[in-house]
Amino acid sequence: MLVSQFNSRSWHKDSRQAKPYCQCWNKKSPVSWTQLGACVCGEENDVSEWKWEQPTETGTSWVVLSEDKKQVTFHPFYSSGTAAAKGDTPLLLNQHYYWEIKILTDTYGTDIMVGVGTNKVNPTNVQFEFTSLLGQDSESYGLSYTGAIRHNAMISKDSVGFCKGSIVGVRVDMWRGTLEFYLNRKAQGISFYNLRRHQALYPIICSTAAQSSMRLIYAASWRASLLVDSAKILASSIKRETIPPGLRYMVGSQFWLTLPTGDGSDVSDDEEQSSSVEKGQVKWEPNVLDEILPSPYVNGFYVDNVERNYRVVVWE
């Protein structure tokens, strides 16, 4: 289900435009391939529960993975179509997922996209076509660098998009069945519902641009529980300094659990600019959540197919 339909007025960016996460990308001079990983702003949390999978279909030379399988380079020589990379771990029901992609090169061409899709998404069908792969049918969902959000051949324009240096966050709630995108950790609002109809989804990125590169900088998950809901409510209603120590560690190490949800319209450009200067200095608390809560089930789990307001907890 697509939340908002395309509005022709939204195509006019006016004063809004895609921005990098930090000041490291404001230099206009060319950047060599060896310097793409020089900026580590926003990468304080070294968590990667999954990595990118090397495609086995025709045209594998169009997708080059780094040794740690976190960085993907599309069309390293020239581009003659669309290439994609998929995560090696499926997104399963009743889990919260959040991951971030840092855009390392200039965005241009037909499309560069970040999103999710099922196993039925087949890049070989468009390997010689310049197209927006994600969102062509009901099996995938994607955010374009232009800001367009695509699903089932429908397009909306709900964001400013992303550019070189941007951090694109993807939050998938497989308990509620929702998908939300973040730009530089600023919520763009829930874009899709009813994702629970898919038994499994996979993170997917794609590009038609030659020598385009992205890096997975964070990927974490947590099973749906009362802990997650409580953390969201507490983090949004009280100041971080007054949060109990045990929960404060969680808010720090699992920061994505308490990221705000909304359209972010209350944040001005001046506030964004001032905050971007300080982002590189942010350091999250060490992860001691496993010591406090040894089980991700928190001694219980939700019964599936129960109305959200009438959840039932079954204890282990």
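A residue is called buried here when its relative accessible area is under 20%, and Tyr98, with a relative accessible area of 0%, is therefore buried. The structure is a predicted model, and its protein chain contains four helices and 16 strands. Of the 316 residues in the chain, 49% are buried. Among the contacts in the chain with a separation of 6 or more, 69% are between residues 24 or more positions apart.

**The sheet**

Seven strands form an open sheet, in which the order is 2-3-14-5-10-11-12 and the pairing is antiparallel. Strand 2 (63-65) and strand 12 each have a single partner strand and stand at the edges, so one side of each is left without a neighbour in the sheet. From one strand to the next, the twist averages 25°.

Inside this order, strand 5 and strand 14 pair in the antiparallel sense over nine bridges, and Tyr97 has Ser221 in strand 14 as its bridge partner. Towards the end of the order that is written last, strand 11 (residues 178-183) runs antiparallel to strand 12 and is joined to strand 12 by four bridges, with Tyr182 standing opposite Ala187 in strand 12. These two strands, 11 and 12, form a hairpin with two residues between them, and Asn184 in the turn has a positive phi of about 55°. Although strand 12 (residues 186-192) is an edge strand, strand 12 is mostly covered, since six of its seven residues are buried.

**Aromatic pairs**

A pair of aromatic rings is described by the distance of the centres and the angle of the planes. The chain has six aromatic pairs, and two of them are set out below.

| Pair | Centre to centre | Angle between planes | Class |
|---|---|---|---|
| Trp50 and Trp52 | 5.1 Å | 80° | edge-to-face |
| Tyr98 and Tyr218 | 6.3 Å | 55° | tilted |

Why is the pair of Trp50 and Trp52 edge-to-face? The planes of Trp50 and Trp52 stand at 80°, and an angle over 60 degrees counts as edge-to-face. Both residues are buried, Trp50 at 4% relative accessibility and Trp52 with a relative accessible area of 1%. Together with Trp99, Trp50 and Trp52 form one aromatic cluster.

The tilted pair links distant parts of the chain, as Tyr98 belongs to strand 5 (residues 95-103) and Tyr218 to strand 14 (residues 212-223), 120 residues apart. Like Tyr98, which is buried, Tyr218 is buried, with a relative accessible area of 1%.

A ring also meets a charge elsewhere in the model, where Lys86 lies over the face of Tyr202 at 4.4 Å from the ring centre.

**The nonpolar cores**

In soluble globular proteins, nonpolar side chains tend to be buried together. In this model the largest nonpolar core has 38 residues, and those with the most contacts inside it are Trp52, Trp99, Phe162, Val172 and Leu179. Strand 5 provides the largest share of this core, which is four residues. Apart from this core lies another one of 14 residues, among them Trp25, Cys41, Ile217 and Tyr218.

Phe162 gives a closer view of the surroundings of one core residue: leaving aside its neighbours within four places in sequence, Phe162 is in contact with residues including Ala18, Ile103, Ile112, Val114, Leu143, Val168 and Leu183. Thr107, Ser144 and Tyr145 are also among the contacts of Phe162.

Technical notes: Residues are numbered from 1 along each chain as its sequence is written. This is a predicted model: local features need pLDDT of at least 70, side-chain atom pairs count only at pLDDT 80 or more; totals for chains, interfaces and linings use all residues. Side-chain values use heavy atoms; hydrogens and water are left out. Rings of Phe, Tyr and Trp (its six-membered ring) pair if their centres lie within 6.5 Å; planes under 30 degrees apart count as stacked, over 60 as edge-to-face and the rest as tilted. Buried means under 20% relative accessible area, exposed over 50%, partly exposed in between (1.4 Å probe, protein chains only). A charge sits over a ring if NZ of Lys or CZ of Arg is within 6 Å of the ring centre and within 35 degrees of the ring normal. A nonpolar core is a set of buried Ala, Val, Leu, Ile, Met, Phe, Trp, Tyr and Cys residues joined through side-chain atoms within 4.5 Å. Contact means heavy atoms within 4.5 Å. Two strands pair if DSSP finds at least two bridges between them. Axes are lines fitted to C-alpha atoms, for helices over the stretch in contact, and angles run from 0 to 180 degrees between N-to-C directions.
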